[in-house]
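Colleague: Could you take me through the terms you use for this one? I'd like to see what stands behind each label.

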Amino acid sequence: MSDYEQFIAGINKKTGINLALYKEAQMKRRLTSLYEKKGYRNFVEFMQALEKDRDLMNEFLDRMTINVSEFYRNGKRWEVLQNKIFPQLLQANKRLKIWSAACSTGEEPYTISMVLSHHLPLSQVQVLATDLDKNVIQKAKLGLYPERSLAEVPTDVKSKYFIQEGSFYKVKDEIKRTVNYKEHNLLNDQYDSNYDLIVCRNVMIYFTEEAKDQIYHSFSKALRPGGILFVGSTEQIFNPAQYGFEIEDTFFYRKK
Ligand SMILES: C[S@@+](CC[C@H](N)C(=O)[O-])C[C@H]1O[C@@H](n2cnc3c(N)ncnc32)[C@H](O)[C@@H]1O
């Protein structure tokens with residue numbers, strides 16, 4: 001077994017995270033720079049240290065998960081969600097079952113609620129938001145963001161749903177109340193079913209082809225017929241028909 005394979009086995013045992021399903025070159029580069037900075041010489045030494053040091057484990061998790069996000073990321077796509085996809089989904093159902101998978105620090109699920117509030121009262125909006133990483137879920141629940149996270153937020157939405165606190169912006173409680181957070185590992189955990197909309201953006205890029213294939217099959221099963229999968233702006237699905245999807249719009253797939 002190589003150093004890295006031993007490391008993968010150790011991490012899997014300790015955390016349940018299977019690094020073998022993440023693109024190897026990219027992940028190794030990211031982790032090597034972390035352990036070198038900490039003064040370790042190889043993955044074996046790094047694993048030994050991780051076994052004993054909780055703070056280092058947290059740093060490792062932080063480094064491997066890459067949590068960057070922002071509100072209305074790739075703004076034009078959210079216009080399509082607002083003006084085309086939501087009206088179509090609401091024709092079929094008055095209440096929508098929505099999942100923001102790999103939600104990071106909450107910008108994405110809160111954006112979903114803000115967009116849907118153009119069509120429904122917030123009392124009828126509910127979004128399940130999940131991530132592998134507990135730390136980001138804590139931050140998401142806090143709902144406090146630096147101004148740069150709001151760069152793409154339309155001005156009317158910004159004044160309606162955020163409160164400025166110094167150089168930070170707080171998401172109003174009426175939006176926060178619409179989102180339920182849960183820990184969930186896309187590679188290990190069960191998926192619920194009958195979703196109208198699944199939003200999963202900017203995480204598939206980190207996975208191997210095998211892992212992506214498994215996840216797209218699971219998303220397809222989790223959607224109701226006619227439900228929509230919304231993916232990130234570098235994450236077109238190659239041959240969507242193999243998962244029972246048809247293209248609804250750029251980066252939106254409809255389950256047949
Ligand atoms: C770059 S962020 C994407 C955030 C948001 N979806 C967006 O597009 O702005 C990637 C997120 O994927 C999460 N993640 C990584 N592996 C995961 C897994 N196996 N299951 C669930 N979430 C995972 C990370 O913790 C991180 O918060």
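Modeller: Here is the reasoning, label by label, and keep in mind that this is a predicted model.

Colleague: What makes the Tyr 22 side chain and the ligand a polar contact?

Modeller: A polar contact takes a pair of N or O atoms within 3.5 Å. An N or O atom in the Tyr 22 side chain sits 2.6 Å from a ligand nitrogen, so the pair counts. The Glu 108 side chain also has an N or O atom by a ligand nitrogen, at 2.8 Å. For Ala 102 the atom is a backbone N or O, 2.9 Å from a nitrogen of the ligand.

Colleague: And how much of the ligand does the protein bury?

Modeller: Alone, the ligand exposes 610 Å², and 99% of that is buried by the protein.

Colleague: Which residues around the ligand come nearest?

Modeller: There are 21 residues around the ligand, and Tyr 22, Ser 69, Arg 73, Asp 131 and Asn 202 come nearest. By type, the shell splits into 9 nonpolar, 7 polar and 5 charged residues.

Colleague: Why are Leu 142, Leu 144 and Phe 168 called a nonpolar patch?

Modeller: Patch members need over 30% relative accessible area, and nonpolar side chains are joined within 5 Å. Leu 142, Leu 144 and Phe 168 form such a patch on the surface, with about 260 Å² of accessible area together. Leu 142 belongs to helix H7, residues 134–142.

Colleague: Where does the domain label come from?

Modeller: From UniProt, where an unreviewed entry places "domain: CheR-type methyltransferase" at residues 1–256. In the model, that span is 43% helix and 19% strand, with its end C-alpha atoms 43 Å apart.

Technical notes. Residues numbered from 1 in each chain as written. Predicted model: local features only at pLDDT ≥ 70, side-chain atom pairs only at ≥ 80, totals over all residues. Heavy atoms only, no water. Patch = residues over 30% accessible without salt bridge, like charges linked within 9 Å, V, L, I, M, F, W, Y side chains within 5 Å. Areas by Shrake-Rupley, 256 points an atom, 1.4 Å probe, with all protein chains shown as cover. Salt bridge = Lys/Arg side-chain N within 4 Å of Asp/Glu carboxyl O. Helix = DSSP H or I, 4+ residues; strand = E, 2+ residues; numbered from the N terminus. UniProt positions renumbered as here; feature names shortened; annotations may be inferred. Near = heavy atom within 4 Å. Polar contact = N/O pair within 3.5 Å; in protein donor to acceptor, adjacent residues only side chain to side chain. Nonpolar A, V, L, I, M, F, W, Y, C, P; charged D, E, K, R; others polar.
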